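Okay, thanks for coming, everyone. I'd like to walk you through one model today, so let me put it on the screen.

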Amino acid sequence: MRGSDLARAALAAARQVAQTNRKNRVVPRGTATGNRRRRRWSGSGADDRDPQPLGRIASRVAVDRGWQQQLSGGQVFGKWAALVGSDVAEHAKPIAIKDGELTVQADSTAWATQLRLLQRQLLVQIAAGVGPNVVKRLKVQGPSAPSWRYGPRHVPGRGPRDTYG
């Protein structure tokens with residue numbers, strides 16, 4: 001036998017084996033030959049498999065972990081001048097947010113009084129800019145004098161004047 005005859009015999013044997021296997025083969029559902037489903041491409045529209053912007057992913061993580069309230073509180077600090085106006089922002093600054101209470105420190109006692117009078121309007125402006133129920137109350141502080149009290153424990157007395165002479 002020559003090489004070409006051997007190749008023809010091998011091809012015929014392979015065809016016969018393939019015929020017998022094709023009849024006995026079980027095709028699982030959902031495969032290309034069993035169901036004839038075509039692969040779906042995402043096309044020009046948005047799809048979950050497409051790359052997502054970082055902001056969208058970050059907001060999804062914040063919602064999943066329950067960080068929205070804290071992030072909204074942080075927006076008050078970042079957008080303070082836009083929320084309350086430039087004249088109020090020039091003379092008052094937010095200090096802290098805790099349990100819906102925003103602590104604001106004013107430059108002078110006159111501005112502290114003015115902020116207390118504008119409190120209701122400021123709460124409405126903050127709610128419109130950041131969202132409702134982020135800031136529920138406003139606590140206004142006047143200017144602070146330098147503190148001579150260091151540390152969490154304090155002994156009553158005359159303070160620093162004792163060392164002057």
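I'll go through the sheet, then one polar residue, then the core.

Quick housekeeping: this is a predicted model, where local features need pLDDT of at least 70, side-chain atom pairs count only at pLDDT 80 or more, and totals for chains, interfaces and linings use all residues. Residues are numbered from 1 along each chain as its sequence is written, and side-chain values use heavy atoms, with hydrogens and water left out.

Let's start with the sheet. Helices (H or I, at least four residues) and strands (E, at least two) are DSSP runs, numbered from the N terminus, and two strands pair if DSSP finds at least two bridges between them. What we have is an open sheet of three strands, in the order E1-E2-E3, with mixed pairing. E1 and E3, residues 137–141, are the edge strands, each pairing on one side only. On average, neighbouring strands in this sheet are turned by 25° against each other, direction ignored; the axes there are lines fitted to C-alpha atoms, for helices over the stretch in contact, with angles from 0 to 180 degrees between N-to-C directions.

Now the pairs. E1 (92–98) and E2 (101–106) run antiparallel, joined by six bridges. Ile97 sits opposite Leu102 in E2. The hairpin of E1 and E2 has two residues between the strands, and Asp99 takes a positive phi near 55° there. On the other pairing, E2 and E3 run parallel with five bridges, and Glu101 has Arg137 in E3 as its bridge partner.

So, is Gln105 in strand E2 buried or exposed? Gln105 is buried, at 16% relative accessible area; buried means under 20%, exposed over 50%, partly exposed in between, with a 1.4 Å probe and protein chains only. Its side chain makes a polar contact of 3.1 Å with that of Ser144. A polar contact is a pair of N or O atoms within 3.5 Å; within protein, one must be able to donate a hydrogen and the other to accept it, and residues adjacent in sequence count only if both atoms are side-chain atoms.

Last bit, the core. A nonpolar core is a set of buried Ala, Val, Leu, Ile, Met, Phe, Trp, Tyr and Cys residues joined through side-chain atoms within 4.5 Å. The largest one has 19 residues, and those with the most contacts inside it are Val76, Leu102, Leu115 and Ile126. Helix H8 (119–130) is one of the elements giving two or more residues, and H8 supplies the largest share, four residues.
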